[in-house]
Amino acid sequence: MADLYKTILFLNYGLLLTVIVLGAVKYHILNHKEKQYFYCIAFLFFIELLNLALPYVFRLNDTSFLYPFYIGGEFFLLTGLFIRKLDWPKYLLGLGGIIAAGFMISKYGFDYPANADIAKVVSNIIIVCLSGITLISEIKKTSAQNRFLWVDASIFFYYSVSVFIFIIQHQIVNLSENNYYILFTANNILSSILYCSLLYTFIRLKK
């Protein structure tokens with residue numbers, strides 16, 4: 001199971017790099033709202049690059065300090081994406097930024113909450129709700145307006161299952177190594193589906 005986990009993990013790195021390159025090539029034909037997808041994937045690529053570079057280049061084996069930054073950044077970018085697509089009031093974008101910044105200040109400054117996974121689950125639930133509302137709205141529109149419909153569906157699916165995985169992970173007190181790899185292999189497979197949906201969408205994009 002460990003070998004399968006590592007195989008899918010490195011497959012994801014390859015997919016993520018491919019999506020970044022293709023997204024950069026197609027960036028000029030993205031509209032204002034669609035560019036937010038590229039910012040989201042670029043942020044994720046940056047986090048993954050740091051997770052790889054810090055241990056191997058700078059000999060910094062503990063990269064857990066990046067986790068709150070990842071949670072806050074992911075929350076801000078994805079909520080911002082769906083708020084823009086739903087044409088909701090702009091002050092909600094500021095509210096999302098305040099929540100993300102408040103969490104990072106609380107975590108880095110006061111180590112609260114002690115378990116950052118609590119914030120991750122709450123963040124994911126909010127993202128699931130916003131992506132679900134966006135999907136319902138997009139299904140009612142014409143196909144020309146739904147260029148990222150499959151991506152939004154993948155985001156909804158990925159974060160919905162991720163919430164379940166996090167809950168299961170913390171309900172099992174003594175998680176065996178094999179069970180650990182099963183859970184995170186499933187999570188990596190979901191990531192692969194999300195990256196493939198982005199790749200497929202970028203390939204098909206036209207002016």
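From the N terminus on, the elements of the chain run α-α-α-α-α-α-α, a total of 7 helices and 0 strands. Here helices (H or I, at least four residues) and strands (E, at least two) are DSSP runs, numbered from the N terminus. The radius of gyration of the chain is 17 Å, close to the 17 Å that the globule rule gives for 207 residues, so the chain is as compact as a globular protein of that length. This radius is taken over C-alpha atoms, and the globule rule is 2.2 Å times the number of residues to the power 0.38.

The model is predicted: local features need pLDDT of at least 70, side-chain atom pairs count only at pLDDT 80 or more, and totals for chains, interfaces and linings use all residues. Residues are numbered from 1 along each chain as its sequence is written, and side-chain values use heavy atoms, with hydrogens and water left out.

**Overall form**

Along its principal axes, the C-alpha trace spans about 50 × 35 × 35 Å. Of the 207 residues, 46% count as buried, where buried means under 20% relative accessible area, exposed over 50%, and partly exposed in between (1.4 Å probe, protein chains only). Contact means heavy atoms within 4.5 Å. Among contacts with a separation of 6 or more, 77% join residues 24 or more positions apart.

**Annotated spans**

An unreviewed UniProt entry lists "transmembrane region" for residues 6-25, 37-58, 64-84, 91-110, 116-136, 148-168 and 180-203. UniProt positions are given in the numbering used here, feature names are shortened, and annotations may be inferred rather than shown by experiment. Two of these spans are described below.

| Span | Helix | Strand | Distance between end C-alpha atoms |
|---|---|---|---|
| residues 37-58 | 91% | 0% | 30 Å |
| residues 148-168 | 95% | 0% | 30 Å |

**The nonpolar core**

A nonpolar core is a set of buried Ala, Val, Leu, Ile, Met, Phe, Trp, Tyr and Cys residues joined through side-chain atoms within 4.5 Å. The largest has 41 residues, and I41, I155 and F202 have the most contacts inside it. Two or more residues of this core come from each of α1 (2-26), α2 (35-56), α3 (66-85), α4 (91-110), α5 (116-139), α6 (149-171) and α7. Not counting residues up to four places away in sequence, I155 touches Y37, L78, F82, I127, S131 and L194.

**Residue N187**

N187 lies in helix α7 (residues 177-204). With a relative accessible area of 13%, N187 is buried. Its contacts, not counting residues up to four places away in sequence, are Y158, S162 and I165.
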